[in-house]
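Dear colleague,

I am handing over the structure below, and I would be grateful if you could look through it before reading on. My notes on what was found follow directly after it.

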Amino acid sequence: MIKRTLALSLLGLYGAAVIAAPAPVADVNDSSDKERLVELERKFASRTQAQHRQQEQLDLLQSEVSELRGAIEVQSYQLEKILERQRELYLEIDKRIEEVKAQPSAQVATVPTQLDTPSVATPISGSDNEAYDKAVNLILKDRLYDQAILEFEAFLQNYPTSDYVPNARYWLGQVLFNKQDWVGAGEQFQSLVSNYPDSNKRADALLKLGITELERSNAARAKQLWEQLLSEFPDSSSAKLASKRLNSL
């Protein structure tokens, strides 16, 4: 009887211990951690992709800005050249107007003061003027540049002391410059710079002389010429173009 009672007591204690023991939770916790880890990895991957897309968009915008900046610089240079060309044409037109105004007074001066004493009027020599006009018109009107080269060369040979010599050398240098004859153009611009310090073409001649030197791999000489241009004509359009070229060296 005592043994039975003891056995029942032990059985009861065992059952209570089994009931009181907590259920295992290791498997549940492991599953929850894995889900959270997967979610974090997904969010991280999504954020990384978003950052990559933003970087790509930023790179694209920077590229477009660089292209726009380059286009603006090219357009600014072209506009500057157009304005420069217009100034040259205005100077030529002004010169022609002054020549036309001067001709009647010169002709009147040859009229005899006494009707009964006839005299022979001295003919006005316009040969150098006519030769210069012919050469310039081959450029401005006819666009016959090769023929203009020959006419300017003939003009410089036939009229070496003409007042038009500085401009003739400039125009000849300009045509050769456009043909990328850097040596020939450089010779004309150098002659103008060296021999005609008061020429209104001097600033542009210094600019283009520097370009011919740079094209012939004489960067140091080009730099010297452009610095001279900035010193002599700091407010000119040619100086602005020279400054840009100096910054790119």
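**Notes on the helices and loops**

Arg 143 is placed in the loop that runs between α3 (127-140) and α4 (145-158), where helices (H or I, at least four residues) and strands (E, at least two) are DSSP runs, numbered from the N terminus. Please keep in mind that this is a predicted model, in which local features need pLDDT of at least 70 and side-chain atom pairs count only at pLDDT 80 or more, while totals for chains, interfaces and linings use all residues. Residues are numbered from 1 along each chain as its sequence is written, and side-chain values use heavy atoms, with hydrogens and water left out.

To return to that loop, Arg 143 has a positive phi of about 60° although it is not a glycine. Its relative accessible area is 48%, so Arg 143 is partly exposed; here buried means under 20% relative accessible area, exposed over 50%, and partly exposed in between, with a 1.4 Å probe and protein chains only. A positive phi of about 60° is also found at Gln 180, which is not a glycine either. Gln 180 sits in the loop between α5 (165-178) and α6 (182-195), and with a relative accessibility of 55% it counts as exposed.

For the chain as a whole, the secondary structure comes to 9 helices and 0 strands, and reading along the sequence gives the pattern α-α-α-α-α-α-α-α-α. Of the 249 residues in the chain, 27% are buried. If contact is taken to mean heavy atoms within 4.5 Å, then among the contacts between residues at least 6 apart in sequence, 52% join residues at least 24 apart.

Turning to single helices, α3 has 14 residues and reaches 20 Å from its first C-alpha to its last, which is close to the 20 Å expected at 1.5 Å a residue; the expected span is 1.5 Å times one less than the number of residues. The buried residues of α3 are Asn 129, Ala 131, Tyr 132, Asp 133, Ala 135, Val 136, Leu 138 and Ile 139. For α4, also with 14 residues, the end C-alpha atoms are 20 Å apart, in agreement with the span of 20 Å that 1.5 Å a residue should give. In α4, Ala 148, Ile 149, Glu 151, Phe 152, Phe 155 and Leu 156 are buried, and the buried residues of this helix pack against α3, α5 and α6.

The aromatic residues deserve a paragraph of their own. The structure holds 8 aromatic pairs, where rings of Phe, Tyr and Trp (its six-membered ring) pair if their centres lie within 6.5 Å, and planes under 30 degrees apart count as stacked, over 60 as edge-to-face and the rest as tilted. One of these pairs is Tyr 132 with Phe 152, whose ring centres are 6.3 Å apart and whose planes stand at 70°, so the pair is edge-to-face. Because Tyr 132 lies in helix α3 and Phe 152 in helix α4, this pair ties together parts that are 20 residues apart in sequence. Tyr 132 is buried, with a relative accessible area of 0%, and Phe 152 is buried with a value of 0% as well. The rings of Phe 177 and Trp 182 have their centres 5.3 Å apart and their planes at 80°, so this pair is edge-to-face. Phe 177 is buried at a relative accessible area of 15%, and Trp 182 is buried at 18%. In addition, Tyr 132, Phe 152, Phe 155, Tyr 159 and Tyr 164 form one aromatic cluster.

Phe 177 also takes part in a helix packing, since Tyr 170, Gln 174 and Phe 177 in α5 meet Asp 204, Lys 208, Ile 211 and Thr 212 in α7. By class, this contact of α5 with α7 has 3 nonpolar, 2 polar and 2 charged residues, where Ala, Val, Leu, Ile, Met, Phe, Trp, Tyr, Cys and Pro count as nonpolar, Asp, Glu, Lys and Arg as charged, and the others, Gly among them, as polar.

Lastly, Ser 191 has its place in helix α6 and counts as buried at 14% relative accessibility. Not counting residues up to four places away in sequence, Ser 191 touches Arg 169 and Tyr 196.

With kind regards
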